[in-house]
Amino acid sequence: MFELSGHAALVTGAGQNAGAGIARALAAQGAAVAVNDLVAERAEAVAKEIVAAGGRAVPVPFDVTDREAVVTAVSKVKSEFGAHVDVLVHNAGIAADFGQGHFRTLDPSRWRGPVEINLFGAMNCVSAVVDDMCEAGWGRIVQISSGAARVGSDQGLSLYGAAKSGVEGFIRHLSQELAPSGVTANTLALGLQSNVAGAATEMFAKKIPLRRLGTPEDVGAAVVYLASVEASWLTGQILNLNGGSVTS
Ligand SMILES: NC(=O)c1ccc[n+]([C@@H]2O[C@H](COP(=O)([O-])OP(=O)(O)OC[C@H]3O[C@@H](n4cnc5c(N)ncnc54)[C@H](O)[C@@H]3O)[C@@H](O)[C@H]2O)c1
C-alpha cells in the first residue's frame, strides 16, 4: 500500500522542517523527488540525504513566486527524471517577511509577502505541472495550509490567515475542475509544528489534546496518503492535522 515507485514528486520549501519531512516520506515510498527551496544549500542537503538513504532525489532551488523560474525548473526535472511531475506538494508558505503583527500596525508594503508565496506560489506551481497530469489522466496536488486559515486569533496572523484561506479556496475550486481528468487536489491544514520554539509555543503545546506539537514525520505520513494511488476517491477536502486542537 502507498507505493509511489514510478511517480515523480515536486515538494516546495522542502529544505527543512515539514517540507523536508514530506520529501523524505515520499522518497521512502519510492517516488523520485525534486526537492525545492529558495535556499539552494538546504535543497541540496535534503536531496543528498535522500540519495544516501537509497532514494532518488534532485535539488531544484527556485523561488515559487517567480513564474518563469518555476516553469524552467519543472521542465528540467522532467528531463532529469525522464517523467513528468505527477505529485505536487506546495509546502513553501512562510515568506522571509512573515507579515506578522496586528493589521493596524502593518505597513502596506508588508501585505504582499504572505499572499505571493502562498497564493501566487501555488498558482505558479500548479500551472507548471497540471497539463502533464491531465494529459496522463493521473495526478496529485497537495497544498499545505494552516489552522490559521479558518480560526481567528489575536497573534498577528491576519495576512497569513488571509493568504492561507485564499489558497484553500483556490484548491477547492481546482479540485472540481480537475476531477474528470483523474487529478485530485486536497489541502493538509497543519497545527503548530515542533520547529517553532518559544515560551508561547510551549503554552500552546500543553493545550493540544494529544499533548505535543506536530513533526515533519507526521506531515510526511499524511502527505503520503494524500499522494497515494489508494487516495483516488479523495478530492476537494481539507484534512486537519493538529493533534486534535481544532475538531471538524
Ligand atoms: N511551522 C508551523 O507551526 C506551521 C503551522 C501551520 C502551517 N504551517 C505551514 O507548513 C508549511 C511549512 O512550514 P515550516 O514551518 O516547515 O516552514 P519553514 O519556514 O521552516 O521552511 C520552509 C522552507 O521554505 C523555503 N522558502 C521560503 N520562501 C520560499 C520561496 N519563495 N520559494 C521556495 N522556497 C521558499 C525556506 O527557505 C524554508 O527552507 C508552510 O506552508 C506553513 O505555512 C506551518
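The following dialogue between a student and a tutor examines a predicted model of a protein.

Student: How many helices and strands does the protein have?
Tutor: Read along the sequence, the pattern is β-α-β-α-β-α-β-α-β-α-β-α-α-β. Counting up the secondary structure in this predicted model gives seven helices and seven strands.

Student: Why is the protein described as being as compact as a globular protein of that length?
Tutor: For 248 residues the globule rule gives 18 Å. The radius of gyration of the protein is close to that value, so the description holds. The radius of gyration in question is 17 Å.

Student: What box do the C-alpha atoms fill, and what percentage of the residues count as buried?
Tutor: Taken along the principal axes, the box is roughly 50 × 40 × 35 Å. A residue counts as buried when its relative accessible area is under 20%. Of the 248 residues, the share that counts as buried is 47%.

Student: Among contacts between residues at least 6 apart in sequence, what percentage join residues at least 24 apart?
Tutor: Here a contact means heavy atoms within 4.5 Å. Among the contacts between residues at least 6 apart, those joining residues at least 24 apart make up 71%.

Student: What percentage of the accessible surface belongs to carbon and sulfur atoms?
Tutor: The accessible surface of the protein comes to about 11800 Å². The part of this surface that belongs to carbon and sulfur atoms is 56%.

Student: How many Å separate the mean positions of the positive and negative charges?
Tutor: The protein has 18 positive and 23 negative charges. A mean position is taken for each of the two groups, and the distance between these mean positions is 7 Å.

Student: Is Ala185 buried or exposed?
Tutor: Ala185 lies in strand β6, which covers residues 183–190. Leaving out residues up to four places away in sequence, Ala185 touches Ile141, Ile171, Leu174, Ser175, Thr235, Gly236 and Gln237. The relative accessible area of Ala185 is 0%. Since the limit for this class is under 20%, Ala185 is buried.

Student: How many Å separate the C-alpha atoms of Ala185 and Gly156?
Tutor: Along the chain, Ala185 and Gly156 are 29 residues apart. In space, their C-alpha atoms are separated by 29 Å.

Student: Which residues is Ser228 in contact with, leaving aside its neighbours within four places in sequence?
Tutor: Ser228 is found in the loop between α7 (216–227) and β7 (238–241). Although it belongs to a loop, Ser228 is buried, with a relative accessible area of 0%. With the neighbours left aside, the contacts of Ser228 are Phe2, Leu4, Trp138 and Arg140.

Student: Which residue forms a salt bridge with Glu49?
Tutor: The structure holds six salt bridges, and one of them involves Glu49. The pair links helix α2 (residues 40–52), where Glu49 lies, to helix α1 (residues 17–28), and its members are 25 residues apart. Glu49 is partly exposed at 37% relative accessibility, and its partner is partly exposed at 31%. With a distance of 2.7 Å from N to O, that partner is Arg24.

Student: How many residues apart are Asp132 and Lys78?
Tutor: The side chains of Asp132 and Lys78 meet in a salt bridge of 3.1 Å, N to O. Asp132 is in helix α4 (residues 112–136) and Lys78 in helix α3 (residues 67–81), so the pair links distant parts of the chain, and the separation is 54 residues.

Student: Is Glu168 buried or exposed?
Tutor: Glu168 forms a salt bridge with Arg150, the closest N and O atoms being 3.0 Å apart. Glu168 lies in helix α5 (residues 158–178) and Arg150 in the loop between β5 (139–146) and α5, so the pair ties together parts 18 residues apart in sequence. Arg150 is partly exposed at 41% relative accessibility. Glu168, by contrast, has a relative accessible area of 3%, and therefore Glu168 is buried.

Student: How many Å apart in space are Ala32 and Leu10, C-alpha to C-alpha?
Tutor: Ala32 has its place in strand β2 (residues 32–37), and it is buried with a relative accessible area of 6%. Beyond residues up to four places away in sequence, Ala32 touches His7, Ala8, Ala9, Arg56 and Phe81. Ala32 and Leu10 are 22 residues apart in sequence, and their distance in space is 8.7 Å.

Definitions and conventions. Residues numbered from 1 in each chain as written. Predicted model: local features only at pLDDT ≥ 70, side-chain atom pairs only at ≥ 80, totals over all residues. Heavy atoms only, no water. Helix = DSSP H or I, 4+ residues; strand = E, 2+ residues; numbered from the N terminus. Rg over C-alpha atoms; globule rule 2.2 N^0.38 Å. Buried < 20%, exposed > 50% of the residue type's maximum accessible area, 1.4 Å probe, protein only. Areas by Shrake-Rupley, 256 points an atom, 1.4 Å probe, with all protein chains shown as cover. Lys, Arg positive; Asp, Glu negative; His and termini not counted. Charge placed at Lys NZ, Arg CZ, Asp CG, Glu CD. Salt bridge = Lys/Arg side-chain N within 4 Å of Asp/Glu carboxyl O.
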